[in-house]
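Here is a short report on one protein model. It starts with the cysteines and then moves to the sheet, a helix and two loop residues.

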Amino acid sequence: MIIYEATKSEFISDVTNELLVERLYTSYQEKIGRTSKQEILSWENSLQRMSNVMQDKDIPQDAAVAIEFKIPNTSKRVDFIVAGNDGKKDHVVIIELKQWTEVEKITSKDALVNTYLGGSKRAVTHPSYQAWSYAALINDFNENVQKQQIELKPCAYLHNYRKSENDPLTDKHYQEHLMKAPVFAKGEIQKLRDFIKKYVRIGDQNKLIYQIEHGRIRPSKSLQDSLTLMLKGNEEFIMIDEQKVFYEEAFHLAIDCVKNNKKQVMVIEGGPGTGKSVMAVNLLVNLLNQDLMTLYVSKNSAPREVYASKLKGTIRKTEIDNLFKGSGSFTVSKLNEFDVIIVDEAHRLNEKSGFYGNKGENQVKELIHASKFTIFFIDENQKVTLKDIGSVDLIEKYAKEFDADIIRGKLVSQFRCDGSDAYISWLDDVLQIRETANNDYYGVDYDFRVYDNPHDMLYEIEKLNKENNKSRMLAGYCWEWPTAERNNTEHKDIVIPEFDFEISWNLQDSIWAIDQDSVSEAGCIHTSQGLEFDYVGVIIGPDMRFENHEVITDFTKRAKTDQSLKGIKKIEKEDSERAKAIADQIIRNTYRTLMTRGQKGCFIFCTDPMLNNYFQNRLIKTLAYDDLSPSLVSKVAENTEGYN
């Protein structure tokens, strides 16, 4: 979508006659339906400067100009485009406009600078990287650009910024990005003109702006090949047994659905460790390889970040990140805009989208609307917030509304927790989620330990993590996570004073699940759901305790910064028993989810001593049935090596 399109001469005329702002405002209202005159006026200075740039007689009068081009499948917008031909090839010059006056370099991270935005200093992407990444997105996902070999030439123009000697904006740290997209500043108007004229010497004879705006969203061949290569060499994404069976069915159904243009919805149920995410990633890569525009969607950002990172290798960040979307990204999508959407952790879907929960109608409905073939991987027992609405019934309701065929399947075999279905059954019984036949630990082939001291548990997790970086600490969300301290590991959020134990929550700006140093940080339900590790150490907080022979939950002990139970107090005022029942299920589901993240083992420490004793007793009583296995005593880990 483009907000404004004209020739060079028409653009200059609109600026000169003070008509551009009004036309931009009208176009915005028609195409998006929301903006303010103030927002449009904020561009006026930048567009006036671009009018000055374009007033060069050697830039052809019929060169095409476009303002605010929204890159399909993203929320990103290209500020300014000039299109034409250099006498041999068609070119589109992409110009990122900035009104910055100050910049500080950040050498500890790639492609980031500090500047003042919204009244405070913030870390943002370097303008050269931003311009190049937008060009890369268009090139990698626009069929017309690929087939017609339209050359994209990015640059940035900081018209209020004056370069100085040893300028941070052009520091050698950013050399790689500056080579791909040069940056022009105040006083360099002629250099920017020369850059444009190098590629646009003849007007836009092939309607390049139209070609880009109406190009079918399609992954480039180079992206397909890179992803396929990464998947084949990654053992973490190998499918076995029924995973492969369901994958093959979903794969061929998706291809046939798009070919026959008949909308379909597939629902695959499966508990923890049944391989839902492994199937999802395989389907993403291999359906893209069939020229189907496919997306991986999850409510939580953690799975998206981890799986995208594991597939990256040498692939550009912008390419692969654009395939992984949040569930609120489809509020304004067109009907069947995408070939396939794969929804992982579908039980976590919300009704409304947006930061304030004020966008869209229903995420389940929007996902089905946006795709010809939609696959939902779901486990209704992993709903962990009040906003989680994803259910099989709701998916079927909206599938019928769109007259879509419904295909259902259920993954049964458990491949996490050492493949021990017995462990999950035992855990449900111990957490008093449901009574099961596994009311004792007899026959459970899984490393479950109860620690009397959190230091010992952390020590063991850190030791195990040295093997392959696949062990992590987790905790119930009973401790605050202050906004100002979210990237400060020196600030210890989780404090258990009786053991002189302190640990910080995971850093906000890191991929906690795979960053080597994050083993000494604790993740929560929001950073771990949908992921798996070899071993997890779980701190069960004061929102769960043991009294009168029962496991009790207490939602009042949850941290205020946790949004999982936002709105529960309102429900409590209306119906206290209903509120307790809803919160009780969420808290039990949360710990069940945390305690099934470990593939080989789960260790726990409970802040409530009685709950710790309860877990220990549920393990020890097994010895009455298995006197020949005294090694089980070690599962109750008291004062093991390390801290005391």
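A search of the whole structure finds 0 disulfides. A disulfide here is a pair of cysteine sulfur atoms within 2.5 Å. Take C606: its sulfur is 9.9 Å from the closest cysteine sulfur, in C602, and that is too far for a bond. C606 is also buried, at 1% relative accessibility. C155 is buried too, with a relative accessible area of 0%. Buried means under 20% relative accessible area, exposed means over 50%, and partly exposed lies in between (1.4 Å probe, protein chains only).

**Model and confidence**

This is a predicted model, in which local features need pLDDT of at least 70, side-chain atom pairs count only at pLDDT 80 or more, and totals for chains, interfaces and linings use all residues. Residues are numbered from 1 along each chain as its sequence is written, and side-chain values use heavy atoms, with hydrogens and water left out. pLDDT is the predictor's confidence in each residue, from 0 to 100. The protein chain averages 87, and 91% of the residues score at least 70. Over residues 622-634 the pLDDT is below 50; this stretch has 12 contacts in the model beyond near neighbours in sequence. Residues 638-644 also stay under 50, with 15 contacts beyond four places in sequence. Contact means heavy atoms within 4.5 Å.

**The sheet and its helices**

Helices (H or I, at least four residues) and strands (E, at least two) are DSSP runs, numbered from the N terminus. Two strands pair if DSSP finds at least two bridges between them. An open sheet of 6 strands has the order β1-β2-β3-β4-β8-β9, with mixed pairing. At its edges are β1 (2-7) and β9 (183-185), each pairing on one side only. The twist averages 25° from one strand to the next. Strand β8 (residues 151-158) runs parallel to β9, joined by 3 bridges. In this pair, L158 stands opposite A185 in β9.

Helix α4 (residues 44-54) packs on the sheet and touches β2 (64-70), β3 (77-85), β4 (90-98) and β8; its direction makes about 15° with that of β3. Helix α8 (residues 189-199) lies across β3, β4, β8 and β9, running at about 170° to β8. Axes are lines fitted to C-alpha atoms, for helices over the stretch in contact, and angles run from 0 to 180 degrees between N-to-C directions.

**F546 and helix α22**

F546 sits in strand β22 (residues 544-547). F546 is buried, with a relative accessible area of 15%. Which residues does F546 contact, leaving aside its neighbours within four places in sequence? They are V551, D608, M610, L611 and Y614. T489 is 57 residues from F546 in sequence and 32 Å away in space, C-alpha to C-alpha.

Helix α22 covers residues 609-620; at 1.5 Å a residue its 12 residues should span 16 Å, and its end C-alpha atoms are 16 Å apart, which agrees. The expected span is 1.5 Å times one less than the number of residues. Buried residues of α22 include L611, Y614 and R618.

**Positive phi in two loops**

Two residues other than glycine have a positive phi.

| Residue | Phi | Loop | Relative accessible area |
|---|---|---|---|
| A111 | near 65° | between β5 (104-105) and β6 (112-117) | 3%, buried |
| D291 | near 65° | between α12 (276-288) and β11 (294-298) | 29%, partly exposed |
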